[in-house]
Amino acid sequence: MRSELHDINRDAHLRTMHPSGLAWPAQIRPEELDFISGVAFDATGHRAGAVAYLAKELAQLAEIERHVSAVMAYVMAEVQADAMPLGDGFELHHALSCFAAEELQHANMFYRYVRLLSGRDFKCPDNRFSERVALYHGDDSPYVKLSALCCSAYIGESIITVFEHRLRALDPERTFFFTQVLHAHGLDEARHVQFDHFLFDHVIPALSRQERRRMREILERTEALNGELARRFEEHAKATFGLDYTAQNVAHETQLKLARSFRGLMLDGEIARKVDEGMSDADRRVVREFCRAETIHG
């Protein structure tokens, strides 16, 4: 089991890209604004709406990734004092270190792209960070906390992977900078999803029934706070940009559908289910029509 965990990050130094490794442009070209309009609305002519939509979603994602990084570092320290055999050796510490560091760099990359795209520092005035971190400060097993955290993160990771597939279909040669940003993000995200699946296969099933109940409690409260964070970001984006970016927004509608479905896969049973195994036929059609992919992580 530890060798399987090690294999996930064996080539992490090769399959990654630091934000400084991207060729950041001085400004976003008009052609890219038309491109992101097509990504969001399936049509040009919605530049302002696309900018507001991506600013909101990527700034919010950066905020959630900062939270994941902070909690994972906290849990990593607790694992050092735990006697579970999985914590022996360097493999788990290495996996958590890579995951936490990469999430922080993703937050850096998305925040910088939002600044470039929108021409402003788009920040949510009240990010509820302390409350979201406090959920993981109790005396629960670090594996309960880690499982809850990764189940929550997996929802967003699966959605952003769908968008990565959409950009790959629309811009296969990565002509546009936004495609390059999501490609760089996806290099690390693929390993994060592998780590989540490792937890689904080996760690969560080994938890006691009481521990799984507690994991679900933390997960539900995390998702509730993340939902409140999303509402705050949406209100802030509409006020900042002065428009309703959700109207006629195909990407926004698809995102909401998939978020509800993926959240159900995490919350509707005692054991978390992988999206490619648990999606309904209707959800598969949504994914196929949106990004021309038959699977998300498969």
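Which helices do the buried residues of H2 pack against? In this predicted model, the buried residues of H2 pack against H3, helix H4 (91-118), H6, H7, H9 and helix H11 (281-291). Helix H2 itself covers residues 30-41, and its twelve residues reach 16 Å from the first C-alpha to the last, close to the 16 Å expected at 1.5 Å a residue. The helix is mostly covered, with nine of its twelve residues buried; these are Glu-32, Leu-33, Phe-35, Ile-36, Ser-37, Gly-38, Val-39, Ala-40 and Phe-41. Just after H2, Asp-42 takes a positive phi of about 60°.

Helix H3, one of the helices against which the buried residues of H2 pack, is likewise mostly covered, with 25 of its 33 residues buried. Because the 33 residues of H3 should span 48 Å at 1.5 Å a residue, the 47 Å that separates its end C-alpha atoms agrees with the expected value. Within helix H3 lies Glu-63, which counts as buried because its relative accessibility is 4%, a value under the 20% cut-off. The side chain of Glu-63 is joined to that of Arg-66 by a polar contact of 2.9 Å. When its neighbours within four places in sequence are left aside, Glu-63 is in contact with Asn-127, Phe-129, Arg-132, Leu-229 and Phe-233.

Ala-107, which lies in helix H4, is 44 residues from Glu-63 in sequence, yet the two are 6.8 Å apart in space, C-alpha to C-alpha. Ala-107 also counts as buried, because its relative accessibility is 2% and so falls under the 20% cut-off. With neighbours within four places in sequence left aside, the contacts of Ala-107 are with Ala-62, Glu-65 and Arg-66. Arg-66 is thus named in two settings, as the partner of Glu-63 in the polar contact between side chains and as a residue in contact with Ala-107.

Attention then turns to the empty space in the model. Rolling a probe the size of a water molecule over the atoms shows where empty space is left. The largest pocket holds about 810 Å³ of space, and of the 37 residues that line this pocket, the closest to its centre are Glu-57, Gln-60, Ile-64, Ile-159 and Gln-255. At least two residues of the lining are supplied by each of helix H3 (47-79), helix H6 (142-170), helix H7 (177-203), helix H8 (209-241) and helix H9 (250-267), and among the contributors H3 gives the most, with eleven residues. By residue class, the lining of the largest pocket divides into 17 nonpolar, nine polar and eleven charged residues.

Gln-255, one of the residues closest to the centre of the largest pocket, is found in helix H9. Gln-255 counts as buried because its relative accessible area is 14%, which lies under the 20% cut-off. A polar contact of 2.6 Å joins the side chain of Gln-255 to that of Tyr-53. Not counting residues up to four places away in sequence, Gln-255 touches Tyr-53, Glu-57, Ile-159 and Phe-163; of these, Glu-57 and Ile-159 are also listed among the residues closest to the centre of the largest pocket.

The second largest pocket has a volume of about 230 Å³, and of the 13 residues that line this pocket, the closest to its centre are Thr-161, His-165, Ala-190, Ile-296 and His-297. H6 and H7 each supply at least two residues of this lining, the largest share, six residues, coming from H7. The lining of the second largest pocket divides into three nonpolar, seven polar and three charged residues.

Backbone geometry was also examined outside the helices. Most residues other than glycine have a negative phi. Gln-248, however, has a phi near 65°, a positive value in a residue other than glycine, and is found in the loop between H8 and H9. Gln-248 is exposed because its relative accessible area of 65% is over the 50% cut-off. A positive phi, near 60°, is likewise found at Arg-292, again a residue other than glycine, whose place is in the segment after H11. At 59% relative accessibility, and therefore over the 50% cut-off, Arg-292 also counts as exposed.

Terms used
Residues numbered from 1 in each chain as written. Predicted model: local features only at pLDDT ≥ 70, side-chain atom pairs only at ≥ 80, totals over all residues. Heavy atoms only, no water. 1 Å grid on protein atoms, 1.4 Å probe; cavity = no way out; pocket = protein on both sides within 12 Å on 5 of 7 lines; lining within 4 Å. Points joined across faces, edges and corners; volume = space filled by probe spheres on them. Helix = DSSP H or I, 4+ residues; strand = E, 2+ residues; numbered from the N terminus. Nonpolar A, V, L, I, M, F, W, Y, C, P; charged D, E, K, R; others polar. Expected span 1.5 Å × (residues − 1). Buried < 20%, exposed > 50% of the residue type's maximum accessible area, 1.4 Å probe, protein only. Contact = heavy atoms within 4.5 Å. Polar contact = N/O pair within 3.5 Å; in protein donor to acceptor, adjacent residues only side chain to side chain.
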